[in-house]
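Welcome! Could you open your viewer and get ready to click through a few stops with me?

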Amino acid sequence: MRNNRLWVSICLAFLVIVSALHASVALVFGDDPTAPSISSFNFITIDVPTPNGQLGFTTLSDINENGQITGGFTDSNLGPYGFLLDKKKRATNIRCSKDVVSMEPQSLNKHGEIAGFATVITDTIRIPVPPFKIVITNLSGFFRDKKGRCTVLDFPGANLTEATGVNDDGQVVGNYRDAAGNFHGFFWDAGLFLTIDVSFADARITAPTAINNVGQIVGFYFDNNVTTSFPNGHTHGFIYDNGVFSAFDFSEGVETFPADINDHGVILGTYEDANFVGRSFLLQDGAFTTFEVPLSAVFETVVSGINNKGQIVGRYIEYNPADPMTPFLSHGFIATPKNHLKLVAQIR
């Protein structure tokens, strides 16, 4: 998934009222032995140096059909910082304005436009002792157009907004937290916000993660089955398609987090297994398959984005026992179906 923290969203009654009129269904999927396997992909690793030159802190969030990739650095001591890679894998740092402290790109369309979330300075309090000021920040969504111009997205009345998906029309989905502390999904288009709340009776939190060019939206929601192990409830995947919300769960997972969907309806995401270890999946033609980077030292694979060519990006976590200060490293990866593009290198 693009991120394992909860994304938050809005509250215009229009879409909430409309969604309540739509049907909702629960989908049951199984495993398909003919579905794509890890051997169907070529893998390469991508490490983008952090601003101080370190490697091993890269995450790739999304990839478009032109080969552009967006992502960021996962080292909490350094940002995070966002970047855009062109098809020659040259990196450009993503910045919005002096009031934006850090940026975490989440989604990328064919025009090179990016949606994500950012830490934005909202106030500065002067104090008489070093560091002589206290900076107040807020988490906001952002949309960066193809000319590099940024629009900060704050759902009206919300105290937290996160943008997570964008399609080729520049339509953005994400989530927000309202003044009462409740989380909702949102849809944004050219300055207009609408709320997205799944219509299931047991749903209490909605978090869209992606929107494709045919208007399908995927994400996850929390149910009201609150336990000690699941204090916010259990998470389930959902898809919104032609006015209908449908729920789905990975068959071997205790929680399901869809991350992205392409125009062919292929969904990828992560799930937690019975041991609460994060793993990744593909959902294609109604069948689930697991998806893991095939390296012996890999501890966890987190898929984030898929384009219409079937290329997948994300990050993998590997053990780094030689360095007790940094026992785990994060590397970006690209997985390309062998029956599509040719890669210049295999995974190291």
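Which residues form a nonpolar patch on the surface with about 220 Å² of accessible area together? Select I125, I134 and I136: these three make up that patch. Keep in mind as you look around that this is a predicted model.

**Stop one: I125**

Stay with I125 for a moment and colour strand 9, which covers residues 114-126; I125 sits in this strand. Is I125 buried, exposed or partly exposed? I125 counts as partly exposed because its relative accessible area is 39%, and the partly exposed range runs from 20% to 50%.

**Stop two: V135**

Now select V135, which you will find in strand 10, residues 133-144. V135 has a relative accessibility of 35%, so this residue is partly exposed. Next, show what surrounds V135. Beyond its neighbours within four places in sequence, V135 is in contact with I121 and D123. Try your distance tool here too: pick the C-alpha atoms of V135 and T122. They lie 7.8 Å apart in space, while the two residues are 13 residues apart in sequence.

**Stop three: S304**

For the last stop, go to strand 24, residues 298-306, and select S304 inside that strand. Is S304 buried or exposed? S304 is buried, because its relative accessible area is 1% and the cut-off for buried is under 20%. Now show the side chain of S304 and add L60 to your selection. Which atom of L60 does the side chain of S304 reach? The backbone oxygen of L60 is the partner, at 3.3 Å.

Notes. Residues are numbered from 1 along each chain as its sequence is written. This is a predicted model: local features need pLDDT of at least 70, side-chain atom pairs count only at pLDDT 80 or more; totals for chains, interfaces and linings use all residues. Side-chain values use heavy atoms; hydrogens and water are left out. Patches are made of residues with over 30% relative accessible area and no salt bridge: like charges are joined within 9 Å, nonpolar side chains (Val, Leu, Ile, Met, Phe, Trp, Tyr) within 5 Å. Accessible areas come from the Shrake-Rupley method with a 1.4 Å probe; for residues, only the protein chains shown count as cover. A salt bridge is a side-chain nitrogen of Lys or Arg within 4 Å of a carboxyl oxygen of Asp or Glu. Helices (H or I, at least four residues) and strands (E, at least two) are DSSP runs, numbered from the N terminus. Buried means under 20% relative accessible area, exposed over 50%, partly exposed in between (1.4 Å probe, protein chains only). A polar contact is a pair of N or O atoms within 3.5 Å; within protein, one must be able to donate a hydrogen and the other to accept it, and residues adjacent in sequence count only if both atoms are side-chain atoms. Contact means heavy atoms within 4.5 Å.
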